Amino acid sequence: MSIKVLLVEDEEALQGLLEYNLQKEGFEVVIEGDGGLAEIAVAEHAPDIILLDWMLPNKNGIDICRALQSKPESRAIPIIMLTARAEEEDKLKGLGYGADDYITKPFSISEVVARIKAVLRRVNPAIAEDVVSFANITLDRAQKRVKRAGKAIDLGPTEFRLLEVLIQRPGRVYDRAQLLDRVWGQDIYVENRTVDVHVGRLRKALNKGFATDPIRTVRAAGYALDETYSD
Ligand code: CA
C-alpha cells in the first residue's frame, strides 16, 4: 500500500506529529503550510487524499476545497477537513463544498488514520487493497507480482511502481513531474526523460505477446492507463 497524503496545515507541531505518525502507518506524506500554495501542491504531488486545515494563511480551507472541486483534474481527490471545535458551522460548509469528511481538533492519530482509510475505501476501493485489477491486468502489491491475461509479467521495481500508480486510477493522466514524484520520490533528481525510458520498459514487458497497448501516451501531457482498454 503506497498512499500519498497531502497535509495542508500551518501549525508546525501538528505538521510534525501527523507526518511522523502517518509515515509510521506506511503513508507517504507531503506538507504545505501556506493556503495560497495548496492548489499548486496538489498539482505537483497528485496526492491520493488531502488533509485540509480550515484556518490557513493566505487562503482558507473552504476556498481551497471549492477551487479543487471546480477543476476536473483535482475533483476526484478526496478531502478530509481539519476543523477546531469552535468552527462547528464550517464543517457543514466544508461538506457542502465537496469535502468527504471532517475531523475535529484535537484529534487522536488513530482516528485520523481510520478516517483516511475509510474515505479511501469509499472513494477508491482499489487503493486500499493488496491486489488491484484492471481489465485483465492484475497487480499484487504484497507479492510484487503482475499478471496480464493470467500470464506472469516480469517487471523491475521502477516499472512495477509505475504500473502501480497508473492502475490505481485508470484514465487519469499523470504528467512526467507527477510520475517522477510518485515513483522516484521528491528527494531524488531524475530527468523527465527517465520517465519515458521506464514507461518504454514497462510497455515492452507488459505487451510482449499481446497485440494491444494498455498504456496511453497523451501528447504534451503524460501517460495514463487507457480506461477503454480490453484484450
Ligand atoms: Ca491553522
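**Exercise 1. Helix α7 and its strands**

Find which strands α7 lies across in the sheet that contains β7, and give its angle to β7.

*Solution.* In this predicted model, α7 lies across β6, β7 and β8. Its direction runs at about 115° to β7. Now turn to the other sheet: α7, residues 157–168, also lies across β10 and β12. There the angle to β12 is about 70°.

**Exercise 2. The sheet of 4 strands**

Work out the order of the strands in the open sheet of 4 strands, and then decide which strands stand at the edges.

*Solution.* Start with the order, which is β6-β7-β8-β9, with antiparallel pairing. Next, look for strands with a single partner: these are β6 (131–134) and β9 (151–153), so each has one side without a neighbour in the sheet. On average, neighbouring strands here are turned by 25° against each other, direction ignored.

Then zoom in on one pair. Strand β7 (residues 137–140) and strand β8 (residues 145–148) are joined antiparallel by 4 bridges. Within this pairing you can find Asp140 opposite Arg145 of β8.

**Exercise 3. The sheet of 3 strands**

Trace the order of the open sheet of 3 strands and name a residue that stands opposite Gly222.

*Solution.* The order reads β10-β12-β11, and the pairing is antiparallel. The edge strands are β10 (174–175) and β11 (215–218), each pairing on one side only. Between β10 and β12 (residues 222–225) there are 2 bridges. Asp175 is the residue standing opposite Gly222 in β12.

**Exercise 4. Helix α9**

Which strands does α9 lie across, and at what angles does it run to β8 and β11?

*Solution.* Take the sheet with β8 to begin: α9 lies across β7, β8 and β9, at about 55° to β8. Then move to the sheet with β11: α9 (residues 192–207) lies across β11 and β12, at about 150° to β11.

**Exercise 5. The calcium ion**

List the protein donors of the calcium ion and explain why Asp10 and Met55 tie together parts that are apart in sequence.

*Solution.* The protein donors are Asp10 (OD), Asp53 (OD) and Met55 (O), at 2.1 to 2.3 Å from the ion. Their spacing in sequence is D-x42-D-x1-M. Asp10 sits in the loop between β1 (4–8) and α1 (12–24), while Met55 sits in the loop between β3 (49–53) and α3 (61–70), so the pair ties together parts 45 residues apart in sequence.

Finally, check how open these two donors are. Asp10 has 32% relative accessibility and counts as partly exposed. Met55, at 52%, passes the cut-off of over 50% and is therefore exposed.

Terms used
Residues are numbered from 1 along each chain as its sequence is written. This is a predicted model: local features need pLDDT of at least 70, side-chain atom pairs count only at pLDDT 80 or more; totals for chains, interfaces and linings use all residues. Side-chain values use heavy atoms; hydrogens and water are left out. Donors are N, O and S atoms within 2.8 Å of the metal (3.2 Å for Na, K and Ca); water is not among the atoms, so sites may look incomplete. Buried means under 20% relative accessible area, exposed over 50%, partly exposed in between (1.4 Å probe, protein chains only). Two strands pair if DSSP finds at least two bridges between them. Contact means heavy atoms within 4.5 Å. Axes are lines fitted to C-alpha atoms, for helices over the stretch in contact, and angles run from 0 to 180 degrees between N-to-C directions.
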